[in-house]
Amino acid sequence: MAEIQTLHALLEPTVEGLGYELVGVEMTGAKGNLTLRLYIDTPAGIRLEDCEAVSHQVSGLLDVEDPIPGAYSLEVSSPGLDRPIFKVADYDRFSGERVKLRLHELYEGRRKLTGRLLGIEGDRVKVQEEGDGQEYSIPIELIEKARLDLEP
């Protein structure tokens with residue numbers, strides 16, 4: 001199966017050429033039921049027509065390049081208010097926002113954290129946990145998923 005980084009590198013020029021930011025790429029499901037999901041954005045937001053335009057162009061590129069063996073579904077969407085964080089620079093970009101993290105493994109006894117994003121320092125993401133206010137400096141390679149979290 002194609003690596004996410006390879007897919008991102010393949011698709012980003014096409015998406016940016018259409019005037020959108022490729023926020024991130026996800027591949028979910030199992031063989032025979034795969035979904036390739038692209039998150040796109042612009043400062044003005046995303047409309048259904050934007051998703052359709054990107055889907056049309058990306059489908060053609062994927063048909064020609066054929067980086068994913070077998071059948072899969074393509075979804076193009078806005079990142080939404082609970083925007084997923086894919087890029088290292090976004091940990092600084094969204095500093096001060098509330099975030100939810102899920103880790104690949106336990107870190108200081110935690111696998112999930114919700115708190116205030118304090119940015120990135122080297123290869124570590126800094127988060128102030130909302131429960132007790134404790135600050136965590138989490139190695140970025142431990143982060144499985146990160147999303148902005150709407151204020152409660």
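1. A residue counts as exposed when its relative accessible area is over 50%. Asp66 has a relative accessible area of 54%, and is therefore exposed. The model in which this value was computed is a predicted one.

2. Asp66 also stands out in its backbone. Most residues other than glycine have a negative phi. Asp66 is not a glycine, yet its phi is positive, at about 50°. The residue sits in the loop that links α2 and β3.

3. Glu108 is a further case of a non-glycine residue with a positive phi, again given as about 50°. Its place is in the loop between β4, residues 98-107, and β5, residues 110-121.

4. On the sheet: β1, β2 and β3 are arranged in that order in an open sheet of 3 strands, and the pairing is mixed. The edge positions belong to β1 (21-28) and β3 (72-77), each of which pairs on one side only. Averaged over neighbouring strands and with direction ignored, the turn of one strand against the next is 15°.

5. How many bridges join β2 and β3, and in which sense do the strands pair? The strand β2, residues 34-41, pairs with β3 in the parallel sense over 6 bridges. For Leu38, the bridge partner in β3 is Val76. As a general point, the strands of a sheet pair through backbone hydrogen bonds, in either a parallel or an antiparallel manner.

6. Helix α1, residues 4-17, packs on this sheet and touches β1 and β2. The direction of α1 makes about 145° with that of β1. Helix α2, residues 48-65, lies across β2 and β3, and runs at about 145° to β3.

7. Which residues lie nearest the centre of the largest pocket? They are Ile4, Val25, Ile85, Phe86 and Glu144, out of a lining of 24 residues. The space in this pocket comes to about 620 Å³.

8. The lining of the largest pocket draws at least two residues from each of α1, β1 and β8, the last of these spanning 143-148. Strand β1 gives the largest share, with 6 residues. Thus β1 appears both as an edge strand of the sheet and as a contributor to the pocket lining.

9. Which classes of residue make up the lining of the largest pocket? There are 14 nonpolar residues, together with 5 polar and 5 charged ones.

Notes:
Residues are numbered from 1 along each chain as its sequence is written. This is a predicted model: local features need pLDDT of at least 70, side-chain atom pairs count only at pLDDT 80 or more; totals for chains, interfaces and linings use all residues. Side-chain values use heavy atoms; hydrogens and water are left out. Two strands pair if DSSP finds at least two bridges between them. Helices (H or I, at least four residues) and strands (E, at least two) are DSSP runs, numbered from the N terminus. Axes are lines fitted to C-alpha atoms, for helices over the stretch in contact, and angles run from 0 to 180 degrees between N-to-C directions. Contact means heavy atoms within 4.5 Å. On a 1 Å grid over the protein atoms alone, a cavity is a set of points where a 1.4 Å probe fits but cannot get out, and a pocket is an open set with protein on both sides within 12 Å along at least five of seven lines; lining residues have an atom within 4 Å of a point. Grid points are joined across faces, edges and corners, and a volume is the space filled by probe spheres set on the points. Ala, Val, Leu, Ile, Met, Phe, Trp, Tyr, Cys and Pro count as nonpolar, Asp, Glu, Lys and Arg as charged, and the others, Gly among them, as polar. Buried means under 20% relative accessible area, exposed over 50%, partly exposed in between (1.4 Å probe, protein chains only).
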